[in-house]
Amino acid sequence: MAYVITEPRTGTKDQSCVAVCPVDCIYTREDDPQYYIDPDTCIDCAACETACPVNAIYFEEDVPAEWKDYVAKNRNFFKDVPSN
Ligand code: SF4
């Protein structure tokens, strides 16, 4: 389980979540539409969920049905860009 960044963040790339993450597991690349959370590094501290100004971050089990595909989008990002 991990936290997941969902639809409201797409195209915005606010860095509030990145600044508070204690394990630096939130990444993006210049051309990507949003940030992504590495599910293998996230420690489920919830700091990013609280910091997000548009409530786009959810614990994996609590992601709203319309954004469930973002669970895979976050995870798949790290198949292309290994975090370590
Ligand atoms: Fe980082 Fe904590 Fe958010 Fe996981 S829940 S991405 S460890 S701030």
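**Exercise 1. Is Glu61 buried or exposed, going by its relative accessible area?**

Before we start, keep in mind that this is a predicted model.

Step 1. Find the residue: Glu61 sits in the loop between β4 and α3 (69-80).

Step 2. Check its relative accessible area, which is 54%. The cut-off for exposed is over 50%, so Glu61 is exposed.

Step 3. See what touches it. Once neighbours within four places in sequence are set aside, Glu61 is in contact with Met1 and Lys68.

Step 4. Look at the start of the chain again. Glu61 and Ala2 are 59 residues apart in sequence, yet their C-alpha atoms are 8.6 Å apart in space.

**Exercise 2. Work out where Asp32 sits and what surrounds it.**

Step 1. Place it: Asp32 belongs to the loop between β2 (26-27) and β3 (36-37).

Step 2. Decide how covered it is. Its relative accessibility is 13%, and buried means under 20%, so Asp32 counts as buried.

Step 3. Look for a polar partner. The side chains of Asp32 and Arg29 are joined by a polar contact of 2.7 Å.

Step 4. Now go further along the chain. Leaving out neighbours within four places in sequence, Asp32 is in contact with Lys13 and Phe77. Both of these partners come back in the exercises below.

**Exercise 3. Do the same for Cys52, another loop residue.**

Step 1. Cys52 lies in the loop between α2 (47-51) and β4 (57-59).

Step 2. With 5% relative accessibility, Cys52 counts as buried.

Step 3. Try a distance too: from C-alpha to C-alpha, Cys52 and Pro39 are 18 Å apart in space, with their positions 13 residues apart in sequence.

**Exercise 4. Track down the aromatic pairs and describe their geometry.**

Step 1. Count them: searching the whole structure turns up 5 aromatic pairs.

Step 2. Take one of them, Tyr58 and Trp67. Their ring centres are 6.1 Å apart and the planes make an angle of 45°, which is a tilted pair. Tyr58 and Trp67 are each buried.

Step 3. Now try Phe77 and Phe78. Here the centres are 5.0 Å apart and the planes are at 85°. Since edge-to-face needs over 60 degrees, this pair is edge-to-face. Phe77 and Phe78 are both buried as well.

Step 4. Zoom out a little: ring pairs tie Tyr27, Tyr36, Phe77 and Phe78 together in a cluster.

**Exercise 5. Which lysines have their charge over a tyrosine ring?**

Step 1. Start with Lys13, the contact of Asp32. Its charged end sits over the ring of Tyr35, 6.0 Å from the ring centre.

Step 2. Then look at Lys73, which lies over the face of Tyr70 at 4.2 Å from the ring centre.

**Exercise 6. Step back and describe the whole chain.**

Step 1. List the elements: the chain has 3 helices and 4 strands. In sequence order, they give the pattern β-α-β-β-α-β-α.

Step 2. Ask how compact it is. The radius of gyration is 11 Å, close to the 12 Å from the globule rule for 84 residues, so the chain is as compact as a globular protein of that length.

Step 3. Add the outer dimensions. Along the principal axes, the C-alpha atoms fill a box of roughly 30 × 25 × 25 Å.

Step 4. Check the inside and the surface. Of the 84 residues, 39% are buried. The accessible surface is about 4700 Å², and 47% of that belongs to carbon and sulfur atoms.

Step 5. Finish with the contacts. Among those between residues at least 6 apart in sequence, 64% join residues at least 24 apart.

Key:
Residues are numbered from 1 along each chain as its sequence is written. This is a predicted model: local features need pLDDT of at least 70, side-chain atom pairs count only at pLDDT 80 or more; totals for chains, interfaces and linings use all residues. Side-chain values use heavy atoms; hydrogens and water are left out. Rings of Phe, Tyr and Trp (its six-membered ring) pair if their centres lie within 6.5 Å; planes under 30 degrees apart count as stacked, over 60 as edge-to-face and the rest as tilted. Buried means under 20% relative accessible area, exposed over 50%, partly exposed in between (1.4 Å probe, protein chains only). A charge sits over a ring if NZ of Lys or CZ of Arg is within 6 Å of the ring centre and within 35 degrees of the ring normal. Helices (H or I, at least four residues) and strands (E, at least two) are DSSP runs, numbered from the N terminus. A polar contact is a pair of N or O atoms within 3.5 Å; within protein, one must be able to donate a hydrogen and the other to accept it, and residues adjacent in sequence count only if both atoms are side-chain atoms. Contact means heavy atoms within 4.5 Å. The radius of gyration is taken over C-alpha atoms; the globule rule is 2.2 Å times the number of residues to the power 0.38. Accessible areas come from the Shrake-Rupley method with a 1.4 Å probe; for residues, only the protein chains shown count as cover.
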